[in-house]
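Here are my notes for the file. Please read them with the structure open.

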Amino acid sequence: MKVSLDVDCTPAEARAFLGLPDVTPIHDKYVKTVLDSIDGVTNIEQIETMMKGFAPMGDAGMKLFKQMMDIGLSGMTSKGGDKS
């Protein structure tokens with residue numbers, strides 16, 4: 001037997017329903033810190049160095065994210081069509 005259930009809710013409602021914490025204040029502080037740090041940056045190399053420090057797992061996390069994006073993009077272009 002297969003059962004499907006569609007739930008129409010906002011991300012905040014889904015977090016509350018699943019009992020997950022609201023991390024909005026942490027996210028807001030993180031974004032503010034990144035934006036404040038970018039204000040003094042004058043070239044792209046400085047931005048890259050700064051973002052490596054802010055990213056989860058540092059440089060390894062950035063490389064993993066790039067690999068995932070490359071795989072996803074290559075999958076989209078190799079299929080040549082809409083996946084829906």
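**Notes on the predicted model**

1. Start with Leu 73. Its place is in helix α4, which spans residues 58-79. The model is a predicted one, and the points below should be read that way.

2. Leu 73 has a relative accessible area of 47%. It counts as partly exposed, because that class runs between under 20% for buried and over 50% for exposed.

3. Leu 73 belongs to a nonpolar surface patch. The other members are Leu 64, Phe 65, Met 68 and Met 69. The patch covers about 500 Å². Leu 73 is eligible for such a patch because its 47% passes the cut-off of over 30% relative accessible area.

4. On the overall fold: the protein has four helices and zero strands. The order from the N terminus is α-α-α-α.

5. How much of the protein counts as buried? Of its 84 residues, 7% do. The exposed area of the protein is about 7600 Å². Carbon and sulfur atoms supply 64% of that area.

6. How many salt bridges does a search of the whole structure find? One. The side chains of Asp 36 and Lys 32 meet in a salt bridge, at 2.7 Å from N to O.

7. Both Asp 36 and Lys 32 lie in helix α2, residues 24-38. They are four residues apart, about one turn of the helix.

8. Check the exposure of the pair. Asp 36 is partly exposed, at 43% relative accessible area. Lys 32 counts as exposed, because its 52% relative accessibility lies over the 50% cut-off.

Conventions:
Residues numbered from 1 in each chain as written. Predicted model: local features only at pLDDT ≥ 70, side-chain atom pairs only at ≥ 80, totals over all residues. Heavy atoms only, no water. Patch = residues over 30% accessible without salt bridge, like charges linked within 9 Å, V, L, I, M, F, W, Y side chains within 5 Å. Areas by Shrake-Rupley, 256 points an atom, 1.4 Å probe, with all protein chains shown as cover. Salt bridge = Lys/Arg side-chain N within 4 Å of Asp/Glu carboxyl O. Helix = DSSP H or I, 4+ residues; strand = E, 2+ residues; numbered from the N terminus. Buried < 20%, exposed > 50% of the residue type's maximum accessible area, 1.4 Å probe, protein only.
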